[in-house]
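Let's take a friendly walk along one helix and then look at some aromatic rings. Have the structure open as you read.

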Amino acid sequence: MITKFKLPLVGALFAIVSVTLVILGNPGNMGLCVACFLRDTAGALGLHSAAAVQYARPEVIGLVLGTLIVSLITREFAPKGGSAPITRFALGACVMIGALIFLGCPTRMVLRIAGGDLNAIVGLFGFVAGIFGGMFFLNKGFSLKRTYAIAKTDGVALPFMSILLLLALIFFPVFLNFSESGPGAARAPLFIALAAGLVMGGVGFISRLCFVAGIRDSVFFKNFSMLSAFVALLVVALIGNLIFGQFNLGFADQPVAHTDGLWNFLGLGLVGFGSVLLGGCPFRQVILAGSGNSDSVAAVFGMIFGAALAHNLGLASSAAGVSDNGPMGFVIAAVVVLAIAVYNTFFNKKRRESA
(Lines give C-alpha, C1' and ligand atoms only; values in the text may rest on other atoms or scores of the structure.)
Protein backbone atom coordinates (compact mmCIF):
# COMPACT_ATOMS: atom_id res chain seq x y z
CA MET A 1 0.00 0.00 0.00
CA ILE A 2 2.82 2.42 0.91
CA THR A 3 4.66 1.63 -2.34
CA LYS A 4 1.50 2.23 -4.37
CA PHE A 5 1.07 5.71 -2.94
CA LYS A 6 4.78 6.61 -2.68
CA LEU A 7 4.88 9.07 -5.58
CA PRO A 8 1.59 10.85 -4.71
CA LEU A 9 2.91 11.23 -1.16
CA VAL A 10 6.12 12.73 -2.56
CA GLY A 11 4.06 15.19 -4.60
CA ALA A 12 1.97 16.09 -1.56
CA LEU A 13 5.11 16.68 0.51
CA PHE A 14 6.57 18.84 -2.25
CA ALA A 15 3.39 20.93 -2.19
CA ILE A 16 3.38 21.31 1.59
CA VAL A 17 7.04 22.37 1.60
CA SER A 18 6.50 24.85 -1.26
CA VAL A 19 3.38 26.47 0.17
CA THR A 20 5.04 26.73 3.58
CA LEU A 21 8.12 28.43 2.12
CA VAL A 22 5.91 31.03 0.43
CA ILE A 23 4.04 31.66 3.70
CA LEU A 24 7.39 32.14 5.43
CA GLY A 25 8.69 34.65 2.90
CA ASN A 26 9.56 33.17 -0.51
CA PRO A 27 8.09 34.91 -3.59
CA GLY A 28 4.54 34.00 -4.55
CA ASN A 29 4.12 30.67 -6.36
CA MET A 30 7.88 30.17 -5.94
CA GLY A 31 8.19 27.90 -2.95
CA LEU A 32 10.77 25.74 -4.68
CA CYS A 33 11.81 26.72 -8.22
CA VAL A 34 15.17 25.36 -9.33
CA ALA A 35 15.60 27.76 -12.27
CA CYS A 36 14.71 30.84 -10.24
CA PHE A 37 16.91 29.82 -7.33
CA LEU A 38 19.92 29.02 -9.52
CA ARG A 39 19.43 32.45 -11.12
CA ASP A 40 19.34 34.12 -7.70
CA THR A 41 22.45 32.21 -6.64
CA ALA A 42 24.26 33.30 -9.82
CA GLY A 43 23.45 36.88 -8.84
CA ALA A 44 24.68 36.35 -5.29
CA LEU A 45 28.01 35.21 -6.73
CA GLY A 46 28.25 38.32 -8.89
CA LEU A 47 27.73 36.50 -12.20
CA HIS A 48 25.02 38.96 -13.18
CA SER A 49 24.15 42.47 -11.99
CA ALA A 50 20.34 42.28 -11.80
CA ALA A 51 19.92 43.69 -8.30
CA ALA A 52 16.41 42.29 -7.83
CA VAL A 53 17.44 38.62 -8.13
CA GLN A 54 20.52 38.10 -5.97
CA TYR A 55 20.49 35.62 -3.08
CA ALA A 56 22.36 32.36 -2.47
CA ARG A 57 19.24 30.22 -2.06
CA PRO A 58 19.63 27.68 0.80
CA GLU A 59 17.00 25.49 -0.86
CA VAL A 60 19.36 24.66 -3.75
CA ILE A 61 22.23 24.00 -1.37
CA GLY A 62 19.91 21.72 0.59
CA LEU A 63 18.83 19.83 -2.54
CA VAL A 64 22.44 19.00 -3.36
CA LEU A 65 23.46 18.06 0.18
CA GLY A 66 20.24 16.16 0.92
CA THR A 67 20.80 14.06 -2.18
CA LEU A 68 24.40 13.38 -1.20
CA ILE A 69 23.49 12.33 2.33
CA VAL A 70 20.72 9.95 1.27
CA SER A 71 22.76 8.46 -1.59
CA LEU A 72 25.58 7.73 0.87
CA ILE A 73 23.17 6.21 3.42
CA THR A 74 21.57 3.98 0.78
CA ARG A 75 24.97 3.17 -0.75
CA GLU A 76 23.84 4.46 -4.11
CA PHE A 77 26.49 7.15 -4.36
CA ALA A 78 28.20 6.11 -7.59
CA PRO A 79 30.16 8.94 -9.26
CA LYS A 80 30.06 8.77 -13.04
CA GLY A 81 30.43 11.06 -16.03
CA GLY A 82 32.02 11.56 -19.42
CA SER A 83 28.83 11.76 -21.48
CA ALA A 84 29.36 14.88 -23.58
CA PRO A 85 29.75 17.36 -20.70
CA ILE A 86 30.21 20.39 -22.95
CA THR A 87 27.06 19.50 -24.86
CA ARG A 88 25.18 19.13 -21.57
CA PHE A 89 26.55 22.49 -20.41
CA ALA A 90 25.17 24.10 -23.59
CA LEU A 91 21.80 22.37 -23.19
CA GLY A 92 21.62 23.51 -19.55
CA ALA A 93 22.26 27.12 -20.59
CA CYS A 94 19.54 26.95 -23.26
CA VAL A 95 17.05 25.36 -20.85
CA MET A 96 17.67 28.20 -18.40
CA ILE A 97 17.12 30.84 -21.08
CA GLY A 98 13.76 29.24 -21.87
CA ALA A 99 12.86 29.07 -18.19
CA LEU A 100 13.65 32.75 -17.64
CA ILE A 101 11.57 33.75 -20.65
CA PHE A 102 8.65 31.91 -19.04
CA LEU A 103 9.79 32.92 -15.51
CA GLY A 104 10.09 29.52 -13.91
CA CYS A 105 11.05 25.89 -14.39
CA PRO A 106 8.53 22.99 -14.60
CA THR A 107 8.40 22.94 -10.80
CA ARG A 108 7.20 26.51 -10.70
CA MET A 109 4.87 25.89 -13.62
CA VAL A 110 2.86 23.47 -11.47
CA LEU A 111 3.03 25.77 -8.43
CA ARG A 112 1.83 28.70 -10.54
CA ILE A 113 -1.12 26.69 -11.81
CA ALA A 114 -1.93 25.74 -8.21
CA GLY A 115 -1.90 29.44 -7.36
CA GLY A 116 -4.46 30.23 -10.08
CA ASP A 117 -2.00 31.60 -12.66
CA LEU A 118 -3.58 30.76 -16.02
CA ASN A 119 -0.43 31.88 -17.86
CA ALA A 120 1.23 28.73 -16.52
CA ILE A 121 -1.40 26.56 -18.20
CA VAL A 122 -0.33 28.10 -21.51
CA GLY A 123 3.22 27.27 -20.49
CA LEU A 124 2.19 23.68 -19.71
CA PHE A 125 1.01 23.20 -23.30
CA GLY A 126 4.37 24.48 -24.49
CA PHE A 127 6.21 22.18 -22.08
CA VAL A 128 4.30 19.16 -23.42
CA ALA A 129 4.98 20.23 -27.02
CA GLY A 130 8.69 20.53 -26.24
CA ILE A 131 8.71 17.05 -24.72
CA PHE A 132 7.07 15.69 -27.88
CA GLY A 133 9.82 17.35 -29.91
CA GLY A 134 12.54 15.84 -27.76
CA MET A 135 10.93 12.40 -27.88
CA PHE A 136 10.85 12.55 -31.68
CA PHE A 137 14.64 12.72 -31.69
CA LEU A 138 15.00 10.08 -28.98
CA ASN A 139 12.86 7.71 -31.02
CA LYS A 140 15.04 8.42 -34.04
CA GLY A 141 18.17 7.44 -32.11
CA PHE A 142 19.37 10.57 -30.28
CA SER A 143 22.07 9.67 -27.80
CA LEU A 144 25.08 11.23 -26.15
CA LYS A 145 28.18 9.25 -25.18
CA ARG A 146 27.91 6.62 -22.48
CA THR A 147 28.98 7.45 -18.92
CA TYR A 148 31.92 5.98 -17.07
CA ALA A 149 32.84 5.56 -13.43
CA ILE A 150 34.87 8.50 -12.15
CA ALA A 151 36.82 9.25 -8.99
CA LYS A 152 34.79 9.89 -5.84
CA THR A 153 36.58 13.21 -5.42
CA ASP A 154 35.03 14.32 -8.71
CA GLY A 155 31.63 13.09 -7.56
CA VAL A 156 31.67 15.24 -4.43
CA ALA A 157 32.91 18.41 -6.13
CA LEU A 158 29.48 20.08 -6.32
CA PRO A 159 28.47 19.12 -2.75
CA PHE A 160 31.83 20.48 -1.54
CA MET A 161 31.22 23.77 -3.36
CA SER A 162 27.70 23.84 -1.92
CA ILE A 163 29.11 23.52 1.59
CA LEU A 164 31.51 26.40 0.93
CA LEU A 165 28.62 28.52 -0.34
CA LEU A 166 26.57 27.68 2.74
CA LEU A 167 29.45 28.66 5.03
CA ALA A 168 29.80 31.95 3.16
CA LEU A 169 26.06 32.57 3.45
CA ILE A 170 26.06 31.97 7.22
CA PHE A 171 29.43 33.29 8.37
CA PHE A 172 30.83 35.49 5.57
CA PRO A 173 27.85 37.14 3.85
CA VAL A 174 30.03 40.12 2.95
CA PHE A 175 31.38 38.06 0.04
CA LEU A 176 27.90 37.62 -1.47
CA ASN A 177 25.34 39.93 -3.06
CA PHE A 178 21.89 40.28 -1.49
CA SER A 179 18.83 41.84 -3.11
CA GLU A 180 17.22 44.62 -1.09
CA SER A 181 14.00 44.51 -3.12
CA GLY A 182 12.32 42.30 -5.69
CA PRO A 183 12.10 38.48 -5.75
CA GLY A 184 15.62 38.07 -4.39
CA ALA A 185 14.68 39.95 -1.23
CA ALA A 186 11.68 37.67 -0.59
CA ARG A 187 13.02 34.69 1.30
CA ALA A 188 12.09 32.23 3.98
CA PRO A 189 14.32 31.98 7.10
CA LEU A 190 17.68 30.54 6.12
CA PHE A 191 17.70 27.35 8.18
CA ILE A 192 14.09 26.51 7.39
CA ALA A 193 14.83 26.94 3.68
CA LEU A 194 17.94 24.78 4.05
CA ALA A 195 15.97 22.09 5.87
CA ALA A 196 13.31 22.15 3.13
CA GLY A 197 16.00 21.63 0.51
CA LEU A 198 17.61 18.80 2.47
CA VAL A 199 14.29 16.99 2.79
CA MET A 200 13.29 17.41 -0.84
CA GLY A 201 16.79 16.49 -2.02
CA GLY A 202 16.64 13.20 -0.16
CA VAL A 203 13.05 12.50 -1.17
CA GLY A 204 13.74 13.52 -4.78
CA PHE A 205 16.66 11.10 -4.95
CA ILE A 206 14.73 8.16 -3.53
CA SER A 207 11.65 8.76 -5.68
CA ARG A 208 13.54 9.66 -8.92
CA LEU A 209 11.11 12.55 -9.24
CA CYS A 210 11.26 14.25 -12.65
CA PHE A 211 8.72 16.54 -14.25
CA VAL A 212 9.73 15.54 -17.79
CA ALA A 213 9.46 11.83 -16.96
CA GLY A 214 5.96 12.32 -15.56
CA ILE A 215 4.60 13.60 -18.87
CA ARG A 216 6.85 11.47 -21.08
CA ASP A 217 5.95 8.19 -19.37
CA SER A 218 2.22 8.89 -19.30
CA VAL A 219 2.00 9.91 -22.98
CA PHE A 220 4.45 7.51 -24.60
CA PHE A 221 4.45 4.51 -22.25
CA LYS A 222 1.01 4.73 -20.60
CA ASN A 223 2.71 4.69 -17.21
CA PHE A 224 1.02 7.24 -14.96
CA SER A 225 2.92 6.58 -11.71
CA MET A 226 5.26 9.57 -12.01
CA LEU A 227 2.45 11.81 -13.23
CA SER A 228 0.53 10.97 -10.04
CA ALA A 229 3.18 12.85 -8.06
CA PHE A 230 2.47 16.03 -9.99
CA VAL A 231 -1.27 15.64 -9.73
CA ALA A 232 -0.85 15.34 -5.96
CA LEU A 233 1.48 18.35 -5.96
CA LEU A 234 -1.06 20.40 -7.88
CA VAL A 235 -4.04 19.38 -5.75
CA VAL A 236 -2.37 19.77 -2.35
CA ALA A 237 -0.74 23.09 -3.31
CA LEU A 238 -4.09 24.32 -4.61
CA ILE A 239 -5.78 23.42 -1.31
CA GLY A 240 -2.99 25.09 0.65
CA ASN A 241 -3.20 28.25 -1.42
CA LEU A 242 -6.97 28.40 -0.94
CA ILE A 243 -6.64 27.92 2.83
CA PHE A 244 -3.96 30.59 3.23
CA GLY A 245 -5.40 33.11 0.79
CA GLN A 246 -2.68 32.72 -1.83
CA PHE A 247 -4.98 31.70 -4.71
CA ASN A 248 -5.64 34.27 -7.44
CA LEU A 249 -7.38 32.93 -10.53
CA GLY A 250 -6.63 34.74 -13.77
CA PHE A 251 -3.94 35.93 -16.16
CA ALA A 252 -3.23 39.39 -14.75
CA ASP A 253 -1.61 40.43 -11.45
CA GLN A 254 0.18 37.13 -10.85
CA PRO A 255 3.39 37.15 -8.78
CA VAL A 256 6.59 37.25 -10.86
CA ALA A 257 4.77 36.39 -14.10
CA HIS A 258 3.81 38.00 -17.40
CA THR A 259 0.78 37.57 -19.64
CA ASP A 260 2.43 37.08 -23.05
CA GLY A 261 0.94 33.73 -24.07
CA LEU A 262 3.21 33.14 -27.05
CA TRP A 263 6.39 33.45 -25.02
CA ASN A 264 5.02 31.54 -22.06
CA PHE A 265 4.37 28.71 -24.52
CA LEU A 266 7.69 28.96 -26.34
CA GLY A 267 9.78 29.47 -23.20
CA LEU A 268 8.59 26.28 -21.54
CA GLY A 269 8.60 24.52 -24.91
CA LEU A 270 12.35 25.11 -25.05
CA VAL A 271 12.67 23.85 -21.46
CA GLY A 272 10.79 20.65 -22.31
CA PHE A 273 12.79 20.01 -25.49
CA GLY A 274 16.16 20.61 -23.86
CA SER A 275 15.29 18.66 -20.72
CA VAL A 276 14.39 15.55 -22.72
CA LEU A 277 17.79 15.67 -24.41
CA LEU A 278 19.47 16.12 -21.02
CA GLY A 279 17.55 13.18 -19.57
CA GLY A 280 15.67 15.12 -16.90
CA CYS A 281 14.18 18.44 -15.82
CA PRO A 282 16.20 21.06 -13.87
CA PHE A 283 15.08 19.57 -10.54
CA ARG A 284 16.24 16.12 -11.65
CA GLN A 285 19.56 17.49 -12.89
CA VAL A 286 20.31 19.02 -9.48
CA ILE A 287 19.42 15.75 -7.76
CA LEU A 288 21.64 13.73 -10.10
CA ALA A 289 24.45 16.25 -9.61
CA GLY A 290 24.25 15.81 -5.85
CA SER A 291 24.50 12.04 -6.20
CA GLY A 292 27.84 12.20 -8.03
CA ASN A 293 26.85 12.54 -11.70
CA SER A 294 29.39 14.96 -13.17
CA ASP A 295 27.43 15.23 -16.43
CA SER A 296 24.51 16.67 -14.48
CA VAL A 297 26.96 18.97 -12.73
CA ALA A 298 27.89 20.25 -16.19
CA ALA A 299 24.19 20.78 -16.94
CA VAL A 300 23.69 22.66 -13.65
CA PHE A 301 26.72 24.86 -14.31
CA GLY A 302 25.27 25.46 -17.77
CA MET A 303 22.02 26.62 -16.17
CA ILE A 304 23.93 29.02 -13.92
CA PHE A 305 25.81 30.32 -16.96
CA GLY A 306 22.52 30.62 -18.84
CA ALA A 307 21.05 32.65 -15.98
CA ALA A 308 24.03 35.00 -16.07
CA LEU A 309 23.69 35.38 -19.85
CA ALA A 310 19.95 35.95 -19.62
CA HIS A 311 20.32 38.87 -17.22
CA ASN A 312 23.57 40.35 -18.51
CA LEU A 313 22.26 40.39 -22.09
CA GLY A 314 18.70 41.37 -21.25
CA LEU A 315 17.11 38.09 -22.34
CA ALA A 316 15.11 37.37 -19.18
CA SER A 317 11.47 38.35 -18.88
CA SER A 318 9.98 40.29 -15.98
CA ALA A 319 6.53 40.92 -14.60
CA ALA A 320 6.29 43.73 -17.17
CA GLY A 321 6.64 41.24 -20.02
CA VAL A 322 9.17 39.73 -22.38
CA SER A 323 12.32 41.81 -22.80
CA ASP A 324 13.31 43.36 -26.14
CA ASN A 325 16.21 40.92 -26.45
CA GLY A 326 14.26 37.89 -25.23
CA PRO A 327 12.93 36.71 -28.63
CA MET A 328 16.39 36.79 -30.20
CA GLY A 329 17.82 34.95 -27.20
CA PHE A 330 15.13 32.33 -27.61
CA VAL A 331 15.84 31.87 -31.32
CA ILE A 332 19.57 31.41 -30.72
CA ALA A 333 19.00 28.96 -27.85
CA ALA A 334 16.39 27.02 -29.84
CA VAL A 335 18.75 26.74 -32.83
CA VAL A 336 21.52 25.44 -30.55
CA VAL A 337 19.24 22.80 -29.02
CA LEU A 338 17.90 21.75 -32.42
CA ALA A 339 21.43 21.52 -33.83
CA ILE A 340 22.50 19.32 -30.92
CA ALA A 341 19.44 17.13 -31.43
CA VAL A 342 19.96 16.74 -35.17
CA TYR A 343 23.72 16.13 -34.96
CA ASN A 344 23.49 13.52 -32.21
CA THR A 345 20.60 11.77 -33.95
CA PHE A 346 21.61 11.63 -37.60
CA PHE A 347 25.30 12.52 -37.92
CA ASN A 348 27.04 11.05 -34.90
CA LYS A 349 26.15 7.36 -34.95
CA LYS A 350 29.57 6.03 -36.00
CA ARG A 351 31.37 7.87 -33.20
CA ARG A 352 28.88 6.58 -30.63
CA GLU A 353 29.17 3.03 -31.92
CA SER A 354 32.98 3.09 -31.67
CA ALA A 355 32.99 4.71 -28.22
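Helix α12 covers residues 261-278, so numbered because helices (H or I, at least four residues) are DSSP runs counted from the N terminus. Its 18 residues reach 26 Å from the first C-alpha to the last, close to the 26 Å expected at 1.5 Å a residue (the expected span is 1.5 Å times one less than the number of residues). This is a predicted model, where local features need pLDDT of at least 70 and side-chain atom pairs count only at pLDDT 80 or more, while totals for chains, interfaces and linings use all residues. Residues are numbered from 1 along each chain as its sequence is written, and side-chain values use heavy atoms, leaving out hydrogens and water.

Helix α12 is mostly covered, with 14 of its 18 residues buried (under 20% relative accessible area, with a 1.4 Å probe and protein chains only). Right after α12 comes G279, with a positive phi near 95°.

Now for the rings. Across the whole structure, a search finds eleven aromatic pairs (ring centres of Phe, Tyr or Trp, its six-membered ring, within 6.5 Å). F137 and F273 count as stacked because their planes are at 20°, with centres 5.8 Å apart (stacked means planes under 30 degrees apart). This pair links helix α6 (residues 119-139), home of F137, to α12, home of F273, 136 residues apart.

Here is how covered the two partners are:

| Residue | Relative accessible area | State |
|---|---|---|
| F137 | 8% | buried |
| F273 | 14% | buried |

Elsewhere, F14, F211, F230 and F283 form one aromatic cluster.

Terms used. Helix = DSSP H or I, 4+ residues; strand = E, 2+ residues; numbered from the N terminus. Buried < 20%, exposed > 50% of the residue type's maximum accessible area, 1.4 Å probe, protein only. Phe/Tyr/Trp six-rings, centres within 6.5 Å; stacked < 30°, edge-to-face > 60°.
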